[in-house]
Amino acid sequence: MLELRDITKRFGDVLANDRVSLTVAPGTIHAIVGENGAGKSTAMRIAYGFYRADAGEVVVDGAPRDLQSPHDAIALGIGMVHQHFMLVETMTVAENIVLGVEPGGPLALDLRAAGARVRALSESFGLQIDPEARVETLSVGQQQRVELLKALYREARLLILDEPTAVLAPQAVADLFRILRGMRAQGKTIVIVTHKLSEVLEISDEVTVMRDGRVVGHRRTAETSAAELARLMVGRDVLLRVVKPEAHPGGPVLRVRDLSLRGADGRRRLDGVSFAVRAGEIVGVAGVEGNGQAELIETLAGLSDRRAVTGAIELGGEDVTPLTARRRRERGIAHVPEDRQRRGLLLDFDLAENAILGVDERPPVAVGPWRSWLDRKAIRKRAQTIVAAFDVRPPDLDLPARSLSGGNQQKLILGRELEPPPRLLLVAQPTRGVDIGGIEFIHRRLVELRDSGCAILLVSSELEEVTALSDRLLILRQGRIVGEVDPARASTEEIGLLMTGGEAAA
Amino acid sequence: MSQYLLVALLFSAVRLATPLLLAALGGLFSERSGVINIALEGLMLAGAFTAAIATHYSHSPWVGLLAAVLAGMGVALIHGVACIRYRADQVVSGTAINILFLGVPALLSGALFESTGATPQIPRGELLPLAPIVLAFALVPATWWVLNRTPFGLRLRAVGENPEAADTAGIDVARLRYAGVLLSGALAAIGGAYLSIGQASLFTRNMTAGRGFIALAALIFGKWRPVQTMLACLLFGFAEALSIQMQGVSQIPVQFIQIIPYVLTIVVLAGFIGHSRAPRALGVPYQKKR
Amino acid sequence: MKALRELLFPLAAVVAAFLVGAVLVALVGDSPLRTYELLIGSALTWPDGIGYTLFYATPLIFTGLAVAVAFRCGLLNIGAEGQLIIAAFATAWTGIAFAGWPAWLLIPLCFLAAALSGAAWGAIPGVLKARFGAHEVITTIMMNFIAAALASYFTQYHFKKPGDAILETVPIGEGAHVARLGRFLPGFPERIPLNLAFPLALLVCFLVYLFLWRTRWGYEIRATGASPAAAEYGGISTGRQIVLAMALSGGLAGMVAVNEVLGYRYRYYDGFSAGYGFTGIAVALLGRNHPAGVILASLLFGALLRGGLFVDIFTENVSKDLVQVLQAIIILFVAAEAVFRGPFRSPFARLSKKPV
């Protein structure tokens, strides 16, 4: 049905796809797996006409096609559900679905006909969507089904789903898989892009593995195993080994009591969270993305709207709940944020100016009356120290942070946050988009920091990473702590069960 | 107040609201597509000036009106190319156009009529009748229909709210934004033409005197919706009618009535009364990645 | 090398604008060469050309700085015009109300009035943005009209010079007059209104540079402009920086009053500003929002304003309005330059890059 032949695509200096070739057989569910940044989404966006390949061919139904835009792909019966939904939230479901292929004449949109067809489609695939509903009022799972309807409405025969489960609660994943199987039964072809091996094994008929922009393997799902796929994905022994001596925790540094956070929509993002982190230990937080991990870190750092927060946060016995982010930093809370480009760095500022973010009002950086003067020598010295100690490359203080690779940007942030050494480090997704060498470096540093007596709270969506690094592991689901396990003993199944709400998911 | 005076006042309010409404509806098309249009003032000036000149030479207000529409679209195209093709800051580009049309009419009228920014007087018989008033108010339901009941309106709104979503649905974002901006040029120019060859009988330097900005204020006050925008224009038109009527008669200084639209807009923007939410992608240039 | 690269684009924009202007001049039937010769040449004569060029450049330095400072905080201050109107009126009022005071007291007082009233007027949209999320572009536009109406009201009803057809106040006290440079420069006639406000403007440029790049307040303003999310993360109160930047911007715009009221007209005069606040946008853009660039751009626009008068008089058809047209075209070209520079940065570019 769909074939990519030697697709090559470059974004600036990054080779996103390097002679990618793959074949999707009609009537199958085909998985494309690979780590973040392996080039899966790029390849699929090319198949959908959203990007144009620099070289290579897209073949649909046996003939090479020149896809100028998604329009051409849609005409060929290809539909795509993007990881970030492509929906206009202020419009209704029906309006979203017919957008671009409106029924009726140019002077009068036939919304009634549209609604009827959407309802019919929704029923025949068991999607249960009300065409009159406004998209912004729907849950994430429902919005995803609107995306599916959009493709079905356009009579897509091939549906590409980009990381469809990343944002879903476990029940919703089960629902989605049921829907996808139903579609296959009705003759649709489905491509699912993911980096979760368990899902590949559960849903797909065939699987293509990508790594560093290349296709490194193709298997029939029935004839492969998680271990083999993992080896292909990472290109080496997959088990992330973190050399980690026994932890010797001291007294509690952070104590959180009954912490809740109300979202802008009134729903609770955090719901009565209580726990403690002791000096010299790494406490991990695991959970399906979007279950409150990001909010927990931001709330502890003082970045959430304080009027929406209830409960108490204590640092070394002092209640820091009413304090601003700056005051919390002064008391020794450091933070490596999840979104390093938006939050963690001033991308257009040079490395030296980035090295003082968060400490710009403290000596030796700030001197003179009201500490208003910036000491340039002190700034450069500080930046130099960080760049050298954390091996930030290239070590040119005058470069804008934008010009660094993801791994080097992360090292710069980590170095900045550890100088001066904090009492509590909040760290979210420390190795997302970081190369293998960088990952090992960052993991080693975190363990060293722990052993020097710092309390660390770690959030990562890579289960492997949190279990390897943490001394204790909390599981967060729908803003609540639903369990604590010993990561050295607990099995992945046990943790997964807690993350997904146990039997209810099945 | 006698009934006669009240009727006169109301009619005057409608008359004064007309150019505001035309420009505001124009701004609505541009802004709902995601392009900020603070160039309404310049577009109105372009329309007013072109209409006056074309009517002067052709002796027909209809030719003048048509010329104004073409000029307005031409100038709007500059804004469109800068903002859509070259992804210029939309506010900066709009400001440039406003400055441009303080200068261009003066430059041209100096060359054509050796005046400092005014065009020759047009005889009464060659002025526009009340047609623009009818047109402006008829455009309100028409705009509502276009926006909510036609494929074009649906796409226009989608492009202004989430251009990437529209793009993936196979919609040409740039083309719709050009359409929105060009419509704003045409309508604002009609509003301007009504000033120079309808209410007055010649173009004078900076004759819009901030009406483009009041139209923008009405658009925001009306929450980017046609009917509410019309009500805002009527309110502002009424304020202007009142301030003209009260000149020299009342104790209240006219300045206090003149600032009503501006103060109201600030109050609305700050969320003191109701909440005015702009189209989500307003002001954000869109570039396809290829 | 780096400075040269920074200059390249603005220069190209100016050249391109002059080319478009030349076409316009030819269209209305004059010689572009002769027009530009008049425009530039008459700005460079000594002492009148240069004196007036610097005099016209002075308010533009202040408004250019005002726009640049706000821009560094990520704010587009379209309201410099209103801020300078309010400040000019407040300055004149101070000069009238305390007319009897000695110069050494009255001048500093008038300075304060200029800066503080401008700052207060500028801070209002800052607060509206920081506290209520009201977009500063719209609020500053609206505040311009309110400022003009208020100043005109007070002039008309409370301080009007009796028996005068135009709307102006009575004159300020002699003690508030800022000296003209002719008094200090031998061979430079005192009839040229270039006054001490010009060296003051240069000094303020240097101070703004120090503030933005050498103090932590400046760092925090720039960080807020570069990335509000990152600034917040670094413990910076972005709301406070927005108010501070707008107040500072308004204060800088307000200092136009020193040149116009204390150094030139010695009264408030309705409609005195030839759109300095708007030209300030062009100045800041062309000057890359840097104090040094602001000086260069102000000199260019100052020269055009001066030369425009001669174009008006000595050409057949072209009027001084050509200057306004040139200015608008320069803004358009500079505004569209993003496309020619470095990697494109929009939220969408980042969005679509993530799931590669």
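## A tour from chain B to chain A

Start by selecting helix α1 (residues 3–32) and helix α10 (residues 226–246) of chain B: the two pack at an angle of about 135°, with their axes 7 Å apart. Since oblique covers what is left outside under 35, over 145 and 65 to 115 degrees, that angle makes α1(B) oblique to α10(B). Keep in mind as you look around that this is a predicted model.

Turn the pair until one helix lies over the other, and you'll find that α1(B) passes α10(B) in a right-handed crossing. Now switch on the side chains. On the α1(B) side of the contact, pick out residues including Leu9(B), Ala13(B), Leu16(B), Leu20(B), Ala24(B) and Leu28(B). Across from them, α10(B) brings in, among others, Met230(B), Cys233(B), Phe236(B), Gly237(B), Glu240(B) and Gln245(B). Colour this contact by class and you get 17 nonpolar, 4 polar and 1 charged residues.

Next, bring chain C into view. Here 44 residues of chain B are in contact with 45 residues of chain C. Which helix of chain B gives the most to the side that touches chain C? Select α4(B), which supplies 16 residues. Then add α9 (211–221), α11 (254–258) and α12 (260–269) of chain B; each of these, like α4 (90–113), supplies at least two residues of that side. Coloured by class, the side of chain B that touches chain C shows 29 nonpolar, 11 polar and 4 charged residues.

Now hide those two and centre on chain A. Its secondary structure comes to 17 helices and 22 strands, and its C-alpha atoms fill a box of roughly 70 × 50 × 45 Å along the principal axes. The radius of gyration is 25 Å, close to the 23 Å that the globule rule gives for 506 residues, so chain A is as compact as a globular protein of that length.

Within chain A, zoom to the open sheet of 4 strands, ordered β12-β11-β14-β15 with antiparallel pairing. Which strands stand at the edges? They are β12 (268–278) and β15 (318–319) of chain A; each has a single partner strand, so one side of each is left without a neighbour in the sheet.

Follow β14 (residues 309–315) of chain A to its antiparallel partner β15(A), and look for the 2 bridges that join them. Label Leu315(A) and you'll see it standing opposite Glu318(A) in β15(A).

Last stop: helix α9 (residues 293–301) of chain A. This helix packs on the sheet, touching β11 (252–262), β12 and β14 of chain A. Compare directions, and α9 of chain A makes about 65° with β12(A).

How values were computed:
Residues numbered from 1 in each chain as written. Chains lettered and ligands numbered in written order. Predicted model: local features only at pLDDT ≥ 70, side-chain atom pairs only at ≥ 80, totals over all residues. Contact = placed C-beta atoms within 7 Å. Nonpolar A, V, L, I, M, F, W, Y, C, P; charged D, E, K, R; others polar. Pairing = 2+ DSSP bridges. Axes fitted to C-alpha atoms, helices over the stretch in contact; angles between N-to-C directions. Left-handed = near helix turned anticlockwise from the far one by under 90°. Rg over C-alpha atoms; globule rule 2.2 N^0.38 Å.
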